[in-house]
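Please look first at how the chain is divided into parts, and then at the empty space between them. The report below goes through these topics in turn.

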Amino acid sequence: MDGREGPLASSLRFRLSAWISATILAGAALAGVYSYVAATGDAHRLQDVQLRQIGYIISKLDAVPASPQARERAGDIDFDARIVLRFIAAEGGKPVACPSRPPCFTSELVDGLQTVNAGGEQWRVYVRTNAKGIRAAVAQQAAMRDAIARADAIHTVTPLLVLAPLLALLVTIVVRVMFRPLRTLTTQLGARQEHESGELDRSALPSEVWPFVAEINRLIARTARTMARQRRFIADAAHELRSPMTAMSLQAERLAASEMSGEARTRLDALSAGIGRTRILLDQLLTLARTQEGPAGQESGGDPVSLKRAILECLEDLVPLAEAKEIDLGVVGDADPLVAGPLVDLKTLVKNLIDNAIRYTPPGGRVDVRVDTGSATGSGDGWVHLHVEDTGPGIPPAERARVFDAFYRVLGNGQIGSGLGLAITATIAARMGARITLDDTPGGAGLDVHVQFPALRSG
Ligand SMILES: Nc1ncnc2c1ncn2[C@@H]1O[C@H](COP(=O)(O)OP(=O)(O)OP(=O)(O)O)[C@@H](O)[C@H]1O
Ligand SMILES: [Mg+2]
């Protein structure tokens, strides 16, 4: 895995949000349907009660209004709710003429509630006969009853419909917030350096994740122990091999002083060169093991040392190499910033870079070592910049990340080396909190190795 989030469907956060939201929405939908049906039924029942009450009041009448006009006036009980009153029999059961406006109900209607068709429309009718034989029908248009009941039901369901999506949204936000500590943990893990072996902080994490973090911490500790064992083994092996190599080197020197044939001398020279290379390799291995040692978190913690001093001390050793190749080696700029030590590591870092620049630059070339402080360049960026620029072949962009791996060498440069110099440099830089980048030189030819050290203060 490369640390990025996987497909959405396999995300626990997504699944949790989706399931809870879906449950809320499904619950709200069911509750909505139930409430709608119940509210409609309640509204119809209430309308029936209303018709009954009106019918009961009407049944108290002693006489039916005599004139058709008076009956029609009495007939409009509630125009908006389409509630009407029709007399279907007068005192003693005498028939009553239909009014000019529909509906008209026949005297065959039985007492009580019923739904009937009158004039092509459905009506809900309550018929009641009083002691004097007066029969009154109180009716409401069925379509209007349904419309009123629907409006009431929608009124009841609306808060639920509005609230459910809001709740689903709230759940998504809450789940996102709940998962934030896990993202922090991922960032914390991603930002760790290889040599860091400190425990992950679990205090801000939910307790369900604690066993997981505890296992990661145990794994980190195990890995750190294994790596330390391997480093010690390499350092011990290199150390043990040094003494026999020194002895072999002395023997070869003694042998060189003896009389021997030309062929024997050629072979002895090859042997001496091999012994010399092996000794350099052992020294580099020991340096790498030393720079990798030590507890985590010591980066940037050394005493302040002068970068200029480290450069000048390295140049003392390297000037002869540059002169032998007629390379113009110089330090550019007057800045003398301080960076966090230790000096021995800083010198190793600088020396490896200048040594590479001299070795891989063809004879007659040029190597510039340049130091800039943020204030000197006017950028004030809080970093001290070291540039080692040469006029050599450079490193192809595709190889630039790999040259920091131990034993990795770009083929075809004809130089002898162990491939450990930049691995050592990168280890020291990481411990000092410095960053290294490889670029083309501004002129185009050659390599510009740029190291940024966290600035302490101007020297
Ligand atoms: N200034 C440079 N110009 C061109 N190539 C370079 C330069 N510096 C490093 N390289 C390439 O990067 C490779 C790795 O460099 P590194 O310093 O790690 O190893 P090395 O120089 O081969 O051996 P060592 O430094 O351990 O003796 C080198 O083999 C070389 O090909
Ligand atoms: Mg090197």
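Domain bounds are taken from an automatic or database domain assignment, and for this protein chain the assignment gives the three domains in the table.

| Domain | Residues |
|---|---|
| domain 1 | 1-178 |
| domain 2 | 207-291 |
| domain 3 | 304-456 |

This is a predicted model, in which local features need pLDDT of at least 70 and side-chain atom pairs count only at pLDDT 80 or more, while totals for chains, interfaces and linings use all residues. Residues are numbered from 1 along each chain as its sequence is written.

The centres of domain 1 and domain 3, taken over C-alpha atoms, are separated by 88 Å.

A pocket is an open set of points on a 1 Å grid over the protein atoms alone, where a 1.4 Å probe fits, with protein on both sides within 12 Å along at least five of seven lines, and its lining residues have an atom within 4 Å of a point. A volume is the space filled by probe spheres set on the points, which are joined across faces, edges and corners. The largest pocket has a volume of about 1000 Å³. Of the 43 residues that line the largest pocket, Asn352, Asp355, Asn356, Arg359 and Gly421 are the closest to its centre. Helices (H or I, at least four residues) and strands (E, at least two) are DSSP runs, numbered from the N terminus. Helix 8 gives the largest share of the lining of the largest pocket, 11 residues. At least three residues of this lining come from each of domain 2 and domain 3.

Technical notes: Chains lettered and ligands numbered in written order. Heavy atoms only, no water.
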